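This report describes the pockets, the enclosed cavities and the nonpolar cores of a predicted model. Please keep the sequence and the structure at hand while reading.

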Amino acid sequence: MSFPTPGPDTTVAVVGAGTMGAGIAEVAARAGHDVRLHDAAPGAAARGAEAVRRRLARDVERGRASAVEAAAVGDRLQSVEGIEQLAGCGVVVEAVVEDLAVKRALFADLERVCGPAALLATNTSSISITRVAAGLDRPQRVIGLHFFNPAARMRLVEVVRGEDTESDVVDAATELARAWGKTPVRCTSTPGFVVNRVARPFYGEAQRLVEERVADPATIDAVLREAGGFPMGPFELTDLVGQDVNLAVSRSVWEQTFHDPRYAPTVLQQRLVDAGRLGRKTGRGFYAYGADGRPVDAAPRTEPRRLAPARVGLTSRDGADGFDVMRPFLERITKAGVDVVAHEASDEDDDFEVVGIGLPGGATLLETYGPAASECWGGGAAVVLLDWAHDATTCTRVALQPSADCPDESLTAAVGLCQAAGAAVSVVGESPGGIVARTVAMLVNEAVELVTRGEASAEDVDVAMLLGTGYPSGPLEWGDREGVEVPFILERLHEAFPSGRYRVSPTFARLEAAGLRLREL
């Protein structure tokens with residue numbers, strides 16, 4: 001069976017006229033297709049089409065489209081009440097409820113109604129394409145086209161191949177997405193596909209950090225935004241999409257991977273859902289929301305202003321001084337006027353010197369490199385760990401993790417140094433990898449595993465996470481930048497929490513031995 005790329009003269013059907021379905025219909029109509037929008041609920045298709053026309057009218061008001069262009073797009077969109085009216089459509093995109101039985105029944109009807117050459121696509125975000133197509137006479141023409149909300153504006157589309165999907169169908173769907181102005185990424189029908197699979201640690205690690213009492217949700221959100229460079233923190237984001245929705249995706253991936261501990265949902269989130277605290281839509285989730293929809297209790301823990309020492313020593317040993325990822329931040333401290341005096345430690349010194357910035361009071365400031373603060377250097381030194389930032393030259397907040405025996409004088413001095421560099425400071429509890437480094441290490445590990453299994457290419461994974469989530473870097477690009485620090489952090493997490501959640505992908509060692517980067521997988 002050969003599937004050429006459907007051209008603009010191909011009639012497109014969209015089944016399901018909710019937010020996503022109407023958005024997909026709008027995308028296809030704007031691309032020049034005649035579109036038939038259908039929904040099983042009486043009147044829903046007409047309401048969906050009208051919602052599209054209202055958006056087109058707003059575009060005209062804002063100067064984004066001419067009245068003639070908007071009218072032409074609206075004229076190409078037709079609402080139909082009966083599924084039999086989809087006969088003759090060359091492409092069908094299903095966007096109904098996330099229920100396998102409902103989808104399979106619908107696809108059986110679509111196979112009967114539409115011609116044998118019609119491309120049948122599902123917009124599912126979590127259900128196996130293989131299972132949707134199972135039992136059809138021609139499962140080879142079923143594919144996933146996973147759009148992101150809002151479909152009309154989000155550029156990413158995941159093109160998801162089922163077990164029986166033919167290569168020609170994958171190629172046709174990929175080119176169709178491009179013709180619709182989207183950026184397609186290809187993957188196999190793995191649980192969560194690319195974006196929902198790789199993003200699981202972003203939410204899961206944050207929730208575990210709260211369960212471990214490392215920091216409160218507002219502080220974790222602020223650190224991941226202002227230091228990590230993420231557009232939203234995990235708690236404000238799950239409040240926005242709905243705690244029940246996010247938990248359902250986590251549970252789906254966990255169950256489809258046979259309860260792999262990497263994807264296990266948290267008791268913390270389950271308790272929120274049980275209590276009806278679903279986020280903005282119920283007025284309360286991790287945060288409480290006012291009448292204007294803004295959180296009223298989302299202030300992060302931020303240290304008051306402290307004075308920085310005028311002069312500190314920087315100890316190095318064998319060329320290492322405790323700063324790598326955060327070296328630009330060290331330079332910011334120097335530019336702020338702090339006199340940083342370098343000193344090379346000798347292995348013959350009677351008193352072992354920890355690399356990093358020596359602080360008044362006797363502790364040492366260095367960037368996080370894996371262990372919790374009290375476990376650094378075998379647990380024999382008082383330290384303050386500086387968590388990672390995505391861009392240490394511009395970050396506006398940093399997190400500090402003091403060891404249990406860190407003198408107050410030393411912590412105060414560390415806070416002052418970071419404030420002198422122009423960053424707000426959050427002091428958090430102990431945990432291997434801190435907040436940002438721990439989160440990044442888990443995202444990179446998940447991306448590496450996805451590519452290792454052949455479920456998506458390295459390029460497509462990075463593109464998907466950049467476009468689908470707005471992350472500041474693709475996870476594989478991020479991993480290449482941080483190098484051996486990522487598996488080392490994961491090893492420390494695995495030692496602290498030996499559940500299997502933090503097992504390190506063996507691919508790291510293989511690539512390091514071959515001298516290859518993660519993006520060369």
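## The largest pocket

The residues that line the largest pocket comprise 23 nonpolar, 16 polar and five charged ones. The space inside this pocket amounts to about 1,400 Å³, and its lining counts 44 residues, of which Ser-125, His-146, Asn-196, Val-245 and Val-249 are the closest to the centre.

Several elements each give two or more residues to this lining, among them helix H1 (19–30), helix H4 (100–113), strand S6 (142–147) and helix H7 (195–198). Helix H8 (200–211), helix H10 (234–241), helix H11 (243–256) and helix H16 (458–469) likewise give two or more residues, and of the contributing elements H11 gives the most, with six residues.

## The second largest pocket

For the second largest pocket the volume is about 460 Å³. Its lining is made up of 21 residues, and those nearest its centre are Glu-26, Arg-30, Arg-55, Ala-152 and Arg-153. Sorted by class, this lining holds eight nonpolar, four polar and nine charged residues.

Which elements supply at least two residues of the lining of the second largest pocket? They are H1 and helix H2 (44–61), and H1 accounts for the largest share, with six residues. H1 is thus a contributor to both pockets, since it also gives two or more residues to the lining of the largest pocket.

## Enclosed cavities

Besides the open pockets, the model contains three cavities of 30 Å³ or more. The largest cavity encloses about 100 Å³ of space, and its lining consists of 14 residues, with Arg-200, Gly-204, Arg-208, Ser-250 and Ala-264 lying nearest its centre.

H8 and H11 each supply at least two residues of this cavity's lining, and the largest share, five residues, comes from H8. The lining of the largest cavity divides by class into four nonpolar, six polar and four charged residues. Both helices also appear in the lining of the largest pocket, where each gives two or more residues.

## Nonpolar cores

The largest nonpolar core has 113 residues, and within this core Phe-329 and Leu-365 touch the most other members. Helix H15 (residues 436–452) gives the most to this core, with eleven residues. Another core, of 38 residues, lies apart from the largest one and includes Ala-17, Val-91, Leu-145 and Ala-177.

When neighbours within four places in sequence are left aside, Phe-329 is in contact with Leu-386, Ala-392, Cys-395, Val-398, Cys-418, Ala-421 and Ala-423.

## The surroundings of Leu-386

Is Leu-386, one of the contacts of Phe-329, buried or exposed? Leu-386 counts as buried because its relative accessible area is 1%, whereas the cut-off for a buried residue is under 20%. In the secondary structure, Leu-386 belongs to strand S13 (residues 383–386).

Not counting residues up to four places away in sequence, Leu-386 touches Phe-323, Met-326, Phe-329, Leu-365, Leu-366, Glu-367, Thr-368, Val-398, Ala-399, Leu-400 and Cys-418. Both Phe-329 and Leu-365, which touch the most other members of the largest nonpolar core, are therefore among the residues that Leu-386 contacts, with heavy atoms within 4.5 Å. Ala-399, also on that list, is 13 residues away from Leu-386 in sequence, and the C-alpha atoms of the two residues are 6.1 Å apart in space.

Technical notes
Residues numbered from 1 in each chain as written. Predicted model: local features only at pLDDT ≥ 70, side-chain atom pairs only at ≥ 80, totals over all residues. Heavy atoms only, no water. 1 Å grid on protein atoms, 1.4 Å probe; cavity = no way out; pocket = protein on both sides within 12 Å on 5 of 7 lines; lining within 4 Å. Points joined across faces, edges and corners; volume = space filled by probe spheres on them. Helix = DSSP H or I, 4+ residues; strand = E, 2+ residues; numbered from the N terminus. Nonpolar A, V, L, I, M, F, W, Y, C, P; charged D, E, K, R; others polar. Core = buried A, V, L, I, M, F, W, Y, C linked by side-chain atoms within 4.5 Å. Buried < 20%, exposed > 50% of the residue type's maximum accessible area, 1.4 Å probe, protein only.
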